[in-house]
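Reader: I am new to this structure and would like to learn how to read its features one at a time. Where should we start?

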Amino acid sequence: MKRGIVGEEPLRVDSDQSVLTLFVHNIADRLHWKGLWQVFDRHGVVVDVFIPCRRSRAGRRFGFVRMASKEDVDRVIERLNGFWLYGTRVSVSLAIRGANKVSPTHRRSRSTATRGGMDHQVGSRESVNGEHGEEYRRVDGMEDVLKREVLTTCAVAWCKGSLRGMELLADLKREGFTDFSMMRISGATYLLMFTNEEDMRDLISRPAIKQWFTKIEGWKPGVQIGSRSVWLSVVGIPIHLWSEDTFCNIAQVWGSLIRVENATAEPQSFEHARFLIETSCVDRIEETLKFFWGEESYRIRI
């Protein structure tokens, strides 16, 4: 049974069960008991969670988590003691019977974990190889439980055409698509937020919605956004080639042109051009291009 209501009777730490109960200190103010449950449940079987109303003498939030076995307790201490959660470094230790007798055992400067027979720091500096041989540092993502609950009533939509943002929302509502709000995820991809899942399913099932979106579907963890919006600053474009067609051709190296900055469209200076593009490139765009006009060529810096 999940016990996490703030202010209820705290977990008993019996002498024969103290090894199964963990004391968690320095819990962030915005971390709900459900979130604490989910974080610990990734590393073992959680039986019970309790976060009392009162705070420690240092003014920190603390709580207790009961695990199903000694193996789970040892694993959680090894992986989560010293781990950063919502901007605070938590300490995780065995809860000792008696008031104010919690001991920060297994104190470490960094938490480590064992995954697939390989030790690595949680949050970590382990390097892993990508599909093309690139080397990356590994970091474990921690889910925001409350946000996850909200996302179950949301849809992800990929916009088509040049209509964006508030214009798109106003256009949808004029056509009778109401009772939702919208925010940009990245590029031409938007999150449509509803009060319940039934309204979300009803909207995405209507054929008329496809006049604005190439694809629309209920949110799920594995959804691939696929693009982002990026401002490019370009140095070295000759004055006689300073045009939207030129900017469009440059943008097509990485994606497509969304819009040109006003100071570039009506320039007071030709020092650099700035325009917004949509791209699936996840790396920083920074390079030198050879730029052609007829028989002439120029070097431009992005």
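Reader: Which side chain makes a polar contact with the side chain of Thr-21?

Author: This is a predicted model, and in it the side chain of Thr-21 meets that of Arg-66 in a polar contact of 3.4 Å. Thr-21 belongs to strand 1, which covers residues 21-27. Arg-66, in strand 3, is also the bridge partner of Thr-21.

Reader: Is Thr-21 buried or exposed?

Author: Buried means a relative accessible area under 20%. Thr-21 has 0% relative accessibility, so it counts as buried. The strand around it follows suit: 6 of the 7 residues of strand 1 are buried, so strand 1 is largely enclosed by the rest of the structure.

Reader: Which strands pair with strand 1?

Author: Strand 3 pairs with strand 1 in the antiparallel sense, over 6 bridges. Strand 6, residues 91-94, also pairs with strand 1 in the antiparallel sense, over 4 bridges. In that second pairing, Val-24 stands opposite Val-92 of strand 6.

Reader: How many residues does the largest nonpolar core have, and which have the most contacts inside it?

Author: A nonpolar core is read as a set of buried nonpolar residues joined through their side chains. The largest one here has 23 residues, and those with the most contacts inside it include Val-24 and Val-92, along with Leu-22, Leu-36 and Phe-40. At least two residues of this core come from each of strand 1, helix 1, strand 2 (46-50), strand 3 (61-67) and helix 2 (70-80). Helix 1 gives the largest share, 5 residues. There is also a second, separate core of 20 residues, with Ala-157, Cys-159, Phe-177 and Leu-203 among them.

Reader: How do I read a pair of aromatic rings?

Author: Two values describe such a pair: the distance of the centres and the angle of the planes. The structure holds 8 aromatic pairs. One of them joins Trp-33 and Trp-37, with centres 6.4 Å apart and 75 degrees between the planes, an edge-to-face arrangement. Trp-33 and Trp-37 are 4 residues apart in helix 1 (residues 33-41), so about one helical turn separates them. Both are buried. Elsewhere, ring pairs link Trp-242, Phe-247, Phe-270 and Phe-275 into a cluster.

Reader: Which ring has the charged end of Lys-215 over it?

Author: That ring is the one of Trp-158, and the charged end of Lys-215 is 4.3 Å from its centre. Another case is Lys-173, which lies over the face of Phe-180 at 5.9 Å from the ring centre.

Reader: What about side chains of opposite charge?

Author: They can pair when their charged atoms come close. The structure holds 9 salt bridges. In one of them, Lys-70 and Asp-74 have their closest N and O atoms 3.0 Å apart. These two are 4 residues apart in helix 2, and therefore separated by about one helical turn. Lys-70 is partly exposed because its relative accessibility is 43%, and Asp-74 is partly exposed at 38%.

Reader: Which salt bridge does Arg-75 form?

Author: Arg-75 meets Asp-72 at 2.8 Å, N to O. Both lie in helix 2, 3 residues apart, about one turn of the helix. Arg-75 is partly exposed, with a relative accessible area of 30%, whereas Asp-72 is buried at 9% relative accessibility.

Reader: Where do Glu-197 and Arg-201 lie?

Author: Both are in helix 5 (residues 197-204), 4 residues apart. Their side chains meet in a salt bridge of 3.5 Å, N to O.

Conventions:
Residues are numbered from 1 along each chain as its sequence is written. This is a predicted model: local features need pLDDT of at least 70, side-chain atom pairs count only at pLDDT 80 or more; totals for chains, interfaces and linings use all residues. Side-chain values use heavy atoms; hydrogens and water are left out. Rings of Phe, Tyr and Trp (its six-membered ring) pair if their centres lie within 6.5 Å; planes under 30 degrees apart count as stacked, over 60 as edge-to-face and the rest as tilted. Buried means under 20% relative accessible area, exposed over 50%, partly exposed in between (1.4 Å probe, protein chains only). A charge sits over a ring if NZ of Lys or CZ of Arg is within 6 Å of the ring centre and within 35 degrees of the ring normal. A polar contact is a pair of N or O atoms within 3.5 Å; within protein, one must be able to donate a hydrogen and the other to accept it, and residues adjacent in sequence count only if both atoms are side-chain atoms. A nonpolar core is a set of buried Ala, Val, Leu, Ile, Met, Phe, Trp, Tyr and Cys residues joined through side-chain atoms within 4.5 Å. Two strands pair if DSSP finds at least two bridges between them. A salt bridge is a side-chain nitrogen of Lys or Arg within 4 Å of a carboxyl oxygen of Asp or Glu.
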